[in-house]
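I opened the notebook to record what I looked up in this structure. The entries follow in the order in which I made them.

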Amino acid sequence: MPETSGAKGSEATAAKADGKRGSIIVVHQNRGLNPHTEDVARRFAVANCVAFAPDGLTSVGGYPNPPDDEKGAVLFRQVDGMKMMTDFIAAANWLKARPESTGKLGVVGFCFGGGVANNLAVRMPDLGAA
């Protein structure tokens with residue numbers, strides 16, 4: 001998993017991708033970066049996007065392995081919310097600057113991640129879609 005100035009996460013790229021592509025941040029629910037969110041990032045990659053799903057639980061050890069959403073929810077309550085938002089912004093900027101990215105960036109989020117998408121839309125005026 002790459003690290004982006006704070007948050008580790010799951011990067012997904014199409015196997016036969018050519019040239020520069022749009023990028024998308026995929027933000028998890030209040031359980032951390034679970035297999036479902038990683039799969040959503042993978043599906044965006046299949047659609048020829050550069051996708052990254054940051055793990056907001058990085059600062060408390062990351063999403064549990066083996067996967068356990070209930071343990072993830074417990075860890076989520078221990079995270080410093082401002083630190084997590086800073087990590088998501090850093091992840092978005094890191095992805096946008098990747099050499100395979102056109103610099104165009106979108107974000108999609110689930111539950112808690114929807115709030116993060118709204119926050120990024122306000123904090124990143126060049127965000128293309130949320």
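Entry 1, aromatic rings. I looked up F112 in this predicted model and found a relative accessibility of 24%. F112 therefore counts as partly exposed, since that value is neither under 20% nor over 50%. I then searched the whole structure for aromatic pairs and obtained three. In one of them, the ring centres of F88 and F112 are 6.3 Å apart and the planes stand at 50°, so I recorded the pair as tilted. This pair links distant parts of the chain, as F88 belongs to helix α3 (residues 81-96) and F112 to helix α4 (residues 112-123), with the two positions 24 residues apart. I noted F88 as buried, its relative accessible area being 1%. Ring pairs also bring in F76, which forms a cluster with F88 and F112.

Entry 2, strand β3. How many of the residues of β3 are buried? I counted six of the seven in this strand (residues 21-27), and I noted β3 as mostly covered. I next examined its neighbours. Strand β5 (residues 101-109) runs parallel to β3 and is joined to it by six bridges; in β5, V108 is the bridge partner of V26. With strand β4 (residues 50-54), β3 pairs in the parallel sense over three bridges, and F52 of β4 stands opposite I25. I also traced the connection: β3, helix α1 (residues 35-46) and β4 form a β-α-β unit, which is right-handed.

Entry 3, salt bridges. My count came to six salt bridges. I inspected several of them individually.

Within helix α1, R42 and D39 lie three residues apart, about one turn of the helix. They form a salt bridge whose closest N and O atoms are 2.8 Å apart. I found R42 partly exposed at 41% and D39 partly exposed at 27% relative accessibility.

In helix α3, I recorded a salt bridge between the side chains of D87 and K83, at 2.7 Å from N to O. These residues are four apart, about one turn of the helix. Is D87 buried or exposed? D87 counts as buried, with 4% relative accessibility, whereas K83 is partly exposed at 35%.

Finally, I looked up R98, which forms a salt bridge with E100, the closest N and O atoms lying 3.3 Å apart. R98 is partly exposed, with a relative accessible area of 24%, while E100 counts as buried at 16%. Both residues belong to a network of salt bridges that also includes E11.

Conventions: Residues are numbered from 1 along each chain as its sequence is written. This is a predicted model: local features need pLDDT of at least 70, side-chain atom pairs count only at pLDDT 80 or more; totals for chains, interfaces and linings use all residues. Side-chain values use heavy atoms; hydrogens and water are left out. Rings of Phe, Tyr and Trp (its six-membered ring) pair if their centres lie within 6.5 Å; planes under 30 degrees apart count as stacked, over 60 as edge-to-face and the rest as tilted. Buried means under 20% relative accessible area, exposed over 50%, partly exposed in between (1.4 Å probe, protein chains only). Two strands pair if DSSP finds at least two bridges between them. A crossover is right-handed if, with the strands pointing away from the viewer, the path from the first strand over the helix to the second runs clockwise. A salt bridge is a side-chain nitrogen of Lys or Arg within 4 Å of a carboxyl oxygen of Asp or Glu.
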